Amino acid sequence: MADQDARSPVGIEPPALSVLRWAEPPEGPAVVLLDQTRLPSQEVELVCADVPALVRAIRTLAVRGAPLLGIAGGYGVALAAARGEDVARAAELLAGARPTAVNLGYGARRVAEAYRCAEEKRAGRGQAASAALAEARALHREDAAASARMARYGLDLLAELLPDGPHRLLTHCNTGALVSGGEGTAFAVALRAHRKGRLRQLWVDETRPLLQGARLTAYEAARNGLPFQVLTDSAAGSLFAAGEVDAVLIGADRIAADGSVANKVGSYPLAVLAKYHHVPFVVVAPTSTVDLGTPDGAAVVVEQRSGSEVTEFTFPGPASAGAEAGASASAPVGAQAYNPAFDITPPELVTAIVTEEGVISPVTGVGLAELCARSSQV
Ligand code: MRU
């Protein structure tokens with residue numbers, strides 16, 4: 001197998017996406033985001049100059065995806081510290097902005113703890129704020145490093161599972177640079193496969209209702225020159241039946257202690273399809289997404305979002321000042337809708353979980369606990 005990176009057709013890597021950055025005065029202090037509600041048509045930055053603005057950006061999905069939510073939560077606490085605000089309160093507000101992705105609370109509380117420790121050592125407020133910012137930056141860097149390691153472990157796993165490569169991989173939601181300090185989780189594995197000449201096709205589920213697949217994963221795939229096609233979520237079954245899928249690769253928002261995986265709604269049906277068709281179903285997520293405090297899938301709080309996301313097609317805009325937002329009805333006025341943002345895949349449907357500390361397969365609570373113990377020793 002050629003080990004030469006297969007670059008984009010013109011041999012040029014696209015410039016790195018600035019998905020989230022910290023801005024110092026005079027622009028800041030602020031957390032500056034690439035507004036994901038506006039993609040793929042517009043690359044527009046959204047400046048969050050205070051915690052309520054960042055909470056709004058999180059709720060409207062201008063910033064989203066588990067690892068990036070952790071990073072945003074961390075910088076949000078650093079922002080409160082820089083503004084001389086109540087840091088513990090800011091951490092709670094940020095952690096509660098969305099309930100399912102465990103990384104959000106992890107990032108916010110970790111940076112709040114760095115601030116508290118600095119204060120305890122009688123550092124002045126300014127020094128404690130610097131400690132908080134340093135911790136947020138460390139979190140950001142760690143996520144980039146974890147992403148690179150997951151990509152390597154993930155591709156090695158695919159080589160073991162599918163020795164005949166190049167692979168036809170199916171993915172759901174968005175798990176690339178738009179959700180990470182690095183190149184992402186599941187998407188980073190597909191990207192590495194592409195660079196190594198081992199990706200035949202990336203099947204991109206559109207991911208109803210907010211189209212993170214069609215809008216965001218396809219955007220990242222196109223930027224990086226991957227061979228890909230978008231499909232409606234409901235077309236996945238016939239694709240499996242036609243033998244066109246070699247493996248499913250997804251990320252996770254929370255992995256419970258028993259190995260149950262909470263991820264974007266539509267992941268569980270894919271796992272059932274994969275089991276029926278004897279196709280590996282692989283979850284790629286950093287150990288910061290494992291929550292040993294959540295015993296099983298039933299204990300995961302699944303975010304329920306507004307039914308209007310299902311009954312209306314919305315056009316980008318609400319998170320950015322001055323943006324033109326619009327909607328057109330996709331169901332009769334007044335129709336109620338069931339709109340859970342995530343679903344739970346039980347461990348017996350998951351072939352493997354790939355983390356920055358290694359791969360567990362089969363997925364067991366004991367294996368997960370060992371992996372997490374290893375990561376906390378680093
Ligand atoms: O509602 P979103 O867009 O924040 O959901 C994101 C997902 O479900 C991703 O698949 C998940 O966060 C894993 S990304 C590494």
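**A ligand shell and four backbone oddities**

Let's start at the ligand. The residues of its shell split into 8 nonpolar, 6 polar and 3 charged. Keep in mind that this is a predicted model.

Which residues come nearest? There are 17 around the ligand, and Arg-64, Ala-66, Cys-173, Gly-251 and Lys-264 come nearest. Two elements each give at least two residues to this shell: helix H2, 66–82, and strand S9, 261–264.

Now the backbone. Where are the cis peptide bonds I want to show you? Take Gly-28 to Pro-29. That bond is cis, with omega near 10°. Pro-29 sits in the loop between strand S1, 20–23, and strand S2, 30–34.

Next, Arg-208 and Pro-209. A cis peptide bond joins them, and omega is about 0°. Look for Pro-209 in the loop between strand S5, 199–205, and helix H7, 212–223.

Stay in that loop. Leu-211 is there too, between S5 and H7. Leu-211 is not a glycine, yet its phi is positive, about 60°.

Leu-61 also has a positive phi, near 70°, and it is a residue other than glycine. Find Leu-61 in the loop between helix H1, 51–59, and H2. H2 is the helix we met at the ligand shell.

So, buried or exposed: what is Leu-61? Leu-61 has 21 C-beta neighbours inside 10 Å. Buried takes 20 or more, so Leu-61 counts as buried.

And Leu-211? Leu-211 has 19 other C-beta atoms within 10 Å, so this leucine is partly exposed.

That's the tour. Questions, please.

Conventions: Residues are numbered from 1 along each chain as its sequence is written. This is a predicted model: local features need pLDDT of at least 70, side-chain atom pairs count only at pLDDT 80 or more; totals for chains, interfaces and linings use all residues. A residue is near a molecule or strand if its C-beta atom, placed from the backbone, lies within 6 Å of it. Helices (H or I, at least four residues) and strands (E, at least two) are DSSP runs, numbered from the N terminus. Ala, Val, Leu, Ile, Met, Phe, Trp, Tyr, Cys and Pro count as nonpolar, Asp, Glu, Lys and Arg as charged, and the others, Gly among them, as polar. A residue is buried if 20 or more other C-beta atoms lie within 10 Å of its own, exposed if 12 or fewer, and partly exposed in between; C-beta atoms are placed from the backbone.
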